[in-house]
Amino acid sequence: MNTRMRDTHRYLANPARIAATGVSKISSVADDGAYRALQWDTVEQYGGWSDTGVQDFTVPASGFYFLSADFTALSPKDSSKRPALRFVAVNRRSQGESELLRSYNSTIVPNTYITCSIRGVTYMDKGSALTFRANAPAGTGAWEVSPGSRSSSQLNSFAAVLIAPNATR
């Protein structure tokens, strides 16, 4: 019983976690319908997370994770084409990849900031990769990422925290 209490307390007191801010390496999300992987400016990680070029992050342990992410962009000046922005969290495994969570936001007001937010609990396997992607539907207009006086780190971020280690689906 001591092991169950001690290990559980250790995980809850200091869980494996990762946080990142800023996506200044890309200036826009093209309207070609293709997803673009976001590359993060600053990354803080604890508990075995590792990254491969600030875009893919290797999951340290199997279990349930709480994900929270925001991606903000400036909508196109022409709203007649019904511009929309999509933001997804993707988990890549040896068997392929799957979408974990998705956010979709459209606008009829041109030239305004729109934020796509993702919040939720999801299962990930040890050794799989977590990545975030954004796209705009084809022909609707490109979205500008974090222009103007606000920095990308204020508008774009993500965090993942292990909340149920060694859990199974």
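Contact here means heavy atoms within 4.5 Å. The model under study is predicted.

**Exercise 1. Identify the residues and strands that make up the largest nonpolar core.**

Solution. The largest nonpolar core comprises 35 residues. Those with the most contacts inside it are Leu 38, Trp 49, Phe 71, Leu 130, Phe 132 and Phe 158. At least two core residues come from each of several strands, including strand 1 (17-21), strand 8 (84-93), strand 11 (129-135) and strand 13 (157-165). Strand 7 provides the largest share, five residues.

**Exercise 2. List the contacts of Leu 130, leaving aside neighbours within four places in sequence.**

Solution. Towards lower residue numbers, Leu 130 touches Trp 49, Gln 55, Asp 56, Phe 57, Leu 67, Val 90, Asn 91, Leu 100 and Met 124. Towards higher numbers, Leu 130 is in contact with Phe 158 and Ala 160.

**Exercise 3. Classify the ring pair of Phe 57 and Phe 158, and determine whether each residue is buried or exposed.**

Solution. Step one concerns the count: the model has eight aromatic pairs. Step two takes the geometry: the ring centres of Phe 57 and Phe 158 are 5.4 Å apart and the planes stand at 50°, so the pair is tilted. Step three places the residues: Phe 57 belongs to strand 6 (residues 57-58) and Phe 158 to strand 13, so the pair ties together parts 101 residues apart in sequence. Step four applies the cut-off for buried, under 20% relative accessible area. Phe 57, at 0%, is therefore buried, and Phe 158, at 3%, is buried as well.

**Exercise 4. Name the members of the aromatic cluster that contains Phe 57 and Phe 158.**

Solution. Trp 40, Phe 57, Phe 71, Phe 87, Phe 132 and Phe 158 form one cluster.

Definitions and conventions. Residues numbered from 1 in each chain as written. Predicted model: local features only at pLDDT ≥ 70, side-chain atom pairs only at ≥ 80, totals over all residues. Heavy atoms only, no water. Core = buried A, V, L, I, M, F, W, Y, C linked by side-chain atoms within 4.5 Å. Buried < 20%, exposed > 50% of the residue type's maximum accessible area, 1.4 Å probe, protein only. Helix = DSSP H or I, 4+ residues; strand = E, 2+ residues; numbered from the N terminus. Phe/Tyr/Trp six-rings, centres within 6.5 Å; stacked < 30°, edge-to-face > 60°.
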